[in-house]
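Dear colleague,

Please find the structure below, handed over for your reading. My notes follow it.

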Amino acid sequence: MNKQEKGKLGEELTIKKYIREGYKLLEKNYRFKNIGEIDIILSKKYNNELIIVFCEVKTRKFNKNYIPAEAVTKNKQKKIINVAKYYLVNHNLYEKTLVRFDVAEVIENNNHYLINIIENAFY
């Protein structure tokens with residue numbers, strides 16, 4: 001399996017985990033011009049409010065010296081936030097929802113996958 005296929009598998013496994021937890025998938029690989037891409041956009045009702053989750057997925061082989069979330073640099077975070085702003089405005093959600101930025105670490109170890117979702121990973 002090449003790097004791109006592993007990335008797509010990580011996204012699919014992450015989506016399944018969110019759906020099991022009651023989230024609704026809104027978008028996959030959402031792009032805005034040349035600014036950037038958001039891997040997964042989801043929604044969920046929470047205390048009668050809508051929350052929109054923008055999730056960056058990092059799929060990596062197990063390495064005790066490396067945390068996949070570290071790959072989401074400040075520059076990458078800024079790009080995700082800018083694309084999220086566009087998404088919210090374009091879908092008339094900017095002032096109507098709570099927003100959360102998550103990072104999903106999908107760690108492969110001997111063909112077994114561990115999914116660790118870090119909620120509110122950045123803002």
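The notes below treat the sheet, then one residue in it, and then two loop residues.

This is a predicted model, in which local features need pLDDT of at least 70 and side-chain atom pairs count only at pLDDT 80 or more, while totals for chains, interfaces and linings use all residues. Residues are numbered from 1 along each chain as its sequence is written, and side-chain values use heavy atoms, with hydrogens and water left out.

**The sheet and its helix**

Helices (H or I, at least four residues) and strands (E, at least two) are DSSP runs, numbered from the N terminus. Five strands form an open sheet in the order E1-E2-E3-E4-E5, with mixed pairing; two strands pair if DSSP finds at least two bridges between them. Strand E1 (24–32) and strand E5 (112–122) are the edge strands, each pairing on one side only. On average, neighbouring strands of this sheet are turned by 30° against each other, direction ignored. Helix H1 (residues 3–20) packs on the sheet and touches E1, strand E2 (36–46), E3, E4 and E5, where contact means heavy atoms within 4.5 Å. The direction of H1 makes about 145° with that of E3; axes are lines fitted to C-alpha atoms, for helices over the stretch in contact, and angles run from 0 to 180 degrees between N-to-C directions.

Strands of a sheet pair through backbone hydrogen bonds, either parallel or antiparallel. Here strand E3 (residues 49–61) and E4 pair in the parallel sense over eleven bridges. Glu56 has Val103 as its bridge partner in E4.

**Glu105**

Glu105 lies in strand E4 (residues 98–109). What does the side chain of Glu105 reach at 3.0 Å? The partner is the backbone nitrogen of Ala69. The Glu105 side chain also makes a polar contact (a pair of N or O atoms within 3.5 Å; within protein, one must be able to donate a hydrogen and the other to accept it, and residues adjacent in sequence count only if both atoms are side-chain atoms) with the side chain of Asn116, at 2.8 Å.

**Two loop residues**

Most residues other than glycine have a negative phi. Lys33, in the loop between E1 and E2, has a positive phi near 40°. Lys33 is exposed, with a relative accessible area of 70%; exposed means over 50%. Asn110, in the loop between E4 and E5, has a positive phi near 55°. Asn110 is also exposed, with a relative accessible area of 64%.

Yours faithfully

Terms used. Buried means under 20% relative accessible area, exposed over 50%, partly exposed in between (1.4 Å probe, protein chains only).
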